[in-house]
Amino acid sequence: MKKRNPSGTVIGSKMDQTFPLRRQEIVEAELVVKTLEHWPALFTERQVFAEFNRIATTNLENDFVGEKLAEIVQQINSRVSKLQTC
């Protein structure tokens, strides 16, 4: 993460390879500051989604965005319906 434009593919590959070590550090109650120092890429948006996928084998980005998007569309539709009846 010291490069200005690190390769997302390389970071993703290295994060996959080091997952067991990272998991062990976190389980052993390492401080967040130490985790940030050891794994700075873990605190990027892309790697947060990837880490969730590594842990839960669920695509958080698609599931969360899809669920929230459905809620937003439903709210918009109900408001539009209310405006059309007035």
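This report describes the helices, the nonpolar core, the salt-bridge network and a surface patch of a predicted model.

## Overall fold

The chain contains five helices and zero strands. Read along the sequence, the pattern is α-α-α-α-α. Helices that recur below include H1, residues 8-17, H2, residues 19-27, H3, residues 32-38, and H4, residues 45-56.

Of the 86 residues in the chain, 15% are buried. The exposed area of the chain is about 7,100 Å², and carbon and sulfur atoms supply 58% of that area. Among contacts between residues at least 6 apart in sequence, 47% join residues at least 24 apart.

## Nonpolar core

In soluble globular proteins, nonpolar side chains tend to be buried together. The largest nonpolar core in this model has five residues, namely Ile11, Met15, Trp39, Ala41 and Leu42.

Met15 touches two other members of that core, Ala41 and Leu42, once residues up to four places away in sequence are set aside. On the same count, Met15 also touches Arg22, Gln47 and Arg54. The contacts of Arg22 include the core residues Met15, Trp39 and Leu42. Met15 and Arg22 are also joined through a backbone atom: the backbone oxygen of Met15 lies 2.9 Å from a polar atom of the Arg22 side chain.

## Salt-bridge network

The structure holds three salt bridges. Asp16, Arg22, Glu51 and Arg54 are linked by salt bridges into a network.

One bridge joins the side chains of Asp16 and Arg54, at 2.5 Å from N to O. This pair links distant parts of the chain, with Asp16 in helix H1 and Arg54 in helix H4, 38 residues apart. Another bridge joins the side chains of Arg22 and Glu51, at 2.8 Å from N to O. Because Arg22 lies in helix H2 and Glu51 in helix H4, the pair ties together parts that are 29 residues apart in sequence. Arg54 also forms a salt bridge with Glu51, where the closest N and O atoms are 2.6 Å apart. Arg54 and Glu51 both lie in helix H4, three residues apart, which is about one turn of the helix.

## Burial of the charged residues

Which residues of the network are buried, and which is partly exposed? Arg22 has a relative accessible area of 0% and is buried. Glu51 is buried too, at 8%. Arg54 has a relative accessible area of 18%, so it counts as buried, the cut-off being under 20%. Asp16 has a relative accessible area of 45%, so this residue is partly exposed rather than buried.

The salt bridge between Arg54 and Glu51 therefore joins two side chains of buried residues. In the bridge between Asp16 and Arg54, Asp16 is partly exposed and Arg54 is buried.

## Surroundings of Arg54 and Arg22

Arg54 takes part in bridges to Asp16 and Glu51. A polar contact of 3.0 Å also joins the side chain of Arg54 to that of Gln47. Leaving out residues up to four places away in sequence, Arg54 touches Gly12, Met15, Asp16, Phe19, Arg22 and Gln47. Of these, Asp16 is in helix H1 and Arg22 is in helix H2.

Arg22, with its neighbours within four places in sequence left aside, is in contact with Met15, Trp39, Leu42, Glu51 and Arg54. Two of these contacts, Glu51 and Arg54, belong to the salt-bridge network. Met15, Trp39 and Leu42 belong to the largest nonpolar core. The 0% relative accessible area of Arg22 puts this residue among the buried ones.

## A nonpolar patch on the surface

Val32, Leu36 and Phe43 make a nonpolar surface patch of about 290 Å². Val32 has its place in helix H3. Is Val32 buried or exposed? With a relative accessible area of 59%, Val32 is exposed, because the cut-off for that class is over 50%.

Notes:
Residues are numbered from 1 along each chain as its sequence is written. This is a predicted model: local features need pLDDT of at least 70, side-chain atom pairs count only at pLDDT 80 or more; totals for chains, interfaces and linings use all residues. Side-chain values use heavy atoms; hydrogens and water are left out. Patches are made of residues with over 30% relative accessible area and no salt bridge: like charges are joined within 9 Å, nonpolar side chains (Val, Leu, Ile, Met, Phe, Trp, Tyr) within 5 Å. Accessible areas come from the Shrake-Rupley method with a 1.4 Å probe; for residues, only the protein chains shown count as cover. A salt bridge is a side-chain nitrogen of Lys or Arg within 4 Å of a carboxyl oxygen of Asp or Glu. Helices (H or I, at least four residues) and strands (E, at least two) are DSSP runs, numbered from the N terminus. Buried means under 20% relative accessible area, exposed over 50%, partly exposed in between (1.4 Å probe, protein chains only). A nonpolar core is a set of buried Ala, Val, Leu, Ile, Met, Phe, Trp, Tyr and Cys residues joined through side-chain atoms within 4.5 Å. Contact means heavy atoms within 4.5 Å. A polar contact is a pair of N or O atoms within 3.5 Å; within protein, one must be able to donate a hydrogen and the other to accept it, and residues adjacent in sequence count only if both atoms are side-chain atoms.
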